[in-house]
Amino acid sequence: MIEIDDITKVYGETAVVDRVTMTVEPRSICVIVGTSGSGKTTLMRMINKLVTPTSGSIRIDGEDIGTVPAYELRRRIGYAIQGHGLFPHRTVGQNVATVPKLLGWDKKKTAARVDELLSLFQLDPAQFRDRLPNELSGGQQQRVGVARALAAEPNILLMDEPYGALDPVIRAKAQEDLLAIQRKFGTTIVLVTHDMEEAIHLGDKIAVMDSGKLLQFARPAEIIANPATPFVAELIGTSERPFRLLSLAKVADHIEAGEAAGEPVDAGASLRDAYAELLWSGRPSLPVRRDGQIVGQVTLGALSKLAARPQ
Amino acid sequence: MKTGLLIRLVALLVLVLFLVRPETFAGFFGLFTKNNQPAIYNQGGLLDLTLNHLAIVAAATLASTIVAVGLAIVVTRPFGAEFLPLSRSLANIGQTFPPVAVLALAVPLLGFGTAPTLVALFLYGLLPIFENTLTGLTNLPPAVTDAAKGVGMTGWQRLIKIELPLALPVILAGIRLSTVISLATATIGSTVAARTLGEVIIAGLLSNNTAFVLQGGLIVGVLAVLIYDALSALERLLMARTGQLGRAAA
């Protein structure tokens, strides 16, 4: 659990982060959204003491981070950034092994962990371990960056626009990987982005920031349905609201009995994908498939109701 | 690239041959003599002088490197940042002093011989290495230095494991400049009785013997080109080894 308590950071005359208080629950993903200059990155960087707050305090699992030496704290917190920040003169394996080595893990344990992580990110250890980062594609470099952040099994992972430099197809894949890994390890993730779509997709809770102030901190559905300020509404995009709402739920949770014709939709797909398919194929309903079996249908009428503003 | 390497190899062989058996080239240098002057320098072994010349340059450059890199490291640390302007102007002063002036000032203190030459070359070599080390340490990719902090490296670990290895090619470029400048400047040391190849040139000038001047000049020139190229090749190798070939060399 990360408790941010009335924290402020002043540069010169301006408060880049202005009296922010929020609590990130353990094993959840908290996404901080805002435009550039909103203070979102500064807020995140105060959690691992890359930025020293002007006032206020941060506690991790009840321990005030002010009392922990910065380098010790950072070794316990994973850190992945845009442009990956891999050390160009060290191989992929050495990069991933950075924190375990700093912590003094023995060689065998470190090597096993490196291979485990590379495999987890679909990078064949034998093929990639001894390559230099510049021999990898952008997507692969980004995966190595996240693997390095997770190497010492941190409870907390901070991510600063980790997918900013990736093309949409690779980004979508990387997001799915992140969700899978978060479920597997139960890591608490704080992720900074300017992309509301990404925030809604990944976040258990979303913190919206503007001019250093925390405007709203709530679940995605709540933010979409009841934006706290016009700025939050603008970030969501008024014409996008129904689709964003649909994107939060899975087909599996809204299956109706009955039969429908044509190409089926996967139970794991989001309602938004199902809705798009309904509109595109001009059908009133879609069969739903789970593990290769048709288990029911979703209908246009039901989805339209779900897309409406919650009362 | 291949022909370039061949030309350098030939130049090196010719140089070594000339230093070991200078009389082989007596016919060629005879073309530049008048009135039965000797064609080959005869007041000491050329090989001996060349080795001494190189030793002086190496010693001075090594000392400059240690001091300049050390200074650059100190002023790029948080505790030394306020000394950055001061150290910059000190190194600049070292560069603006003409080496002859340094020699003239150093002789009363250190006497004639190798010592004043070493001091002049040392001061002269500081600036290129200092400037390049500063550039190398301050122009690292921001994402890399941020990541080095973020993974929990201490200041010392960041310097040793990340900053110096990545800055090394740029630092080496400074050492290369310094070495070549020193190679040429060391000849002046002979005016205060340091044993360098300047002796050959000065002897030629005094006796109006063009062959001597040419010999001294050519040896220094070929040495400078070969050492410059060798260090450049080492830089490229380091750039590739540190995965930075894409980054522009300074």
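The turns below walk through a predicted model of two chains, A and B.

Visitor: How many helices and strands are there in chain A?
Guide: The C-alpha trace of chain A spans about 60 × 50 × 30 Å along its principal axes, and buried residues make up 41% of its 311 residues. Counted by kind of element, chain A holds 14 helices and 13 strands.

Visitor: What is the radius of gyration of chain A, and what does the globule rule give for 311 residues?
Guide: Among contacts in chain A between residues at least 6 apart in sequence, 64% join residues at least 24 apart. The globule rule gives 19 Å for 311 residues, and the value for chain A is close to this, so the chain is as compact as a globular protein of that length. The radius of gyration of chain A is 21 Å.

Visitor: Which strands stand at the edges of the open sheet of four strands in chain A?
Guide: This sheet has the strand order 2-1-4-5, with antiparallel pairing. An edge strand has a single partner strand, so one side of it is left without a neighbour in the sheet. In this sheet the strands at the edges are strand 2 (14-24) and strand 5 (63-64) of chain A.

Visitor: Which residue in strand 4 of chain A is the bridge partner of A:Glu3?
Guide: Strand 1 (residues 2-11) and strand 4 (residues 55-60) of chain A pair in the antiparallel sense, over five bridges. The partner of A:Glu3 in strand 4 of chain A is A:Arg59.

Visitor: How many of the six residues of strand 9 of chain A are buried?
Guide: On one side of strand 9 of chain A, A:Lys205, A:Ala207 and A:Met209 are buried, and on the other side A:Ile206, A:Val208 and A:Asp210 are buried, which leaves both faces covered. Strand 9 (residues 205-210) is therefore largely enclosed by the rest of the structure, and the number of its residues that are buried is six of the six.

Visitor: Which residue takes a positive phi in the hairpin of strand 9 and strand 10 of chain A?
Guide: Strand 9 of chain A runs parallel to strand 3 (residues 29-34), with five bridges between them, whereas strand 9 and strand 10 (residues 213-218) run antiparallel, again joined by five bridges. One partnership in the antiparallel pair is that of A:Ala207 with A:Phe217. The hairpin has two residues between its strands, and the residue with a positive phi, near 45°, is A:Ser211.

Visitor: Which residues touch the most other members of the largest nonpolar core?
Guide: The core has 135 residues, and helix 6 (residues 114-138) of chain B gives the most to it, with 13 residues. Leaving aside neighbours within four places in sequence, A:Ile32 is in contact with several residues, including A:Leu43, A:Val190 and A:Ala207. The residues that touch the most other members are A:Ile32 and A:Val190.

Visitor: Which element gives the most to the side of chain A that touches chain B?
Guide: In this interface, 20 residues of chain A are in contact with 17 residues of chain B. The elements of chain A that give two or more residues are helix 2 (70-76), strand 6 (77-81) and helix 4 (98-102). With four residues, the element that gives the most is helix 2 of chain A.

Visitor: Against which helices do the buried residues of helix 9 of chain B pack?
Guide: Helix 9 of chain B covers residues 198-206, and its buried residues include B:Val200 and B:Ile201. The buried residues of this helix pack against helix 3 (46-76) and helix 10 (210-241) of chain B.

Note on methods: Residues numbered from 1 in each chain as written. Chains lettered and ligands numbered in written order. Predicted model: local features only at pLDDT ≥ 70, side-chain atom pairs only at ≥ 80, totals over all residues. Pairing = 2+ DSSP bridges. Contact = placed C-beta atoms within 7 Å. Buried ≥ 20, exposed ≤ 12 C-beta atoms within 10 Å, placed from the backbone. Core = buried A, V, L, I, M, F, W, Y, C linked by C-beta atoms within 7 Å. Rg over C-alpha atoms; globule rule 2.2 N^0.38 Å.
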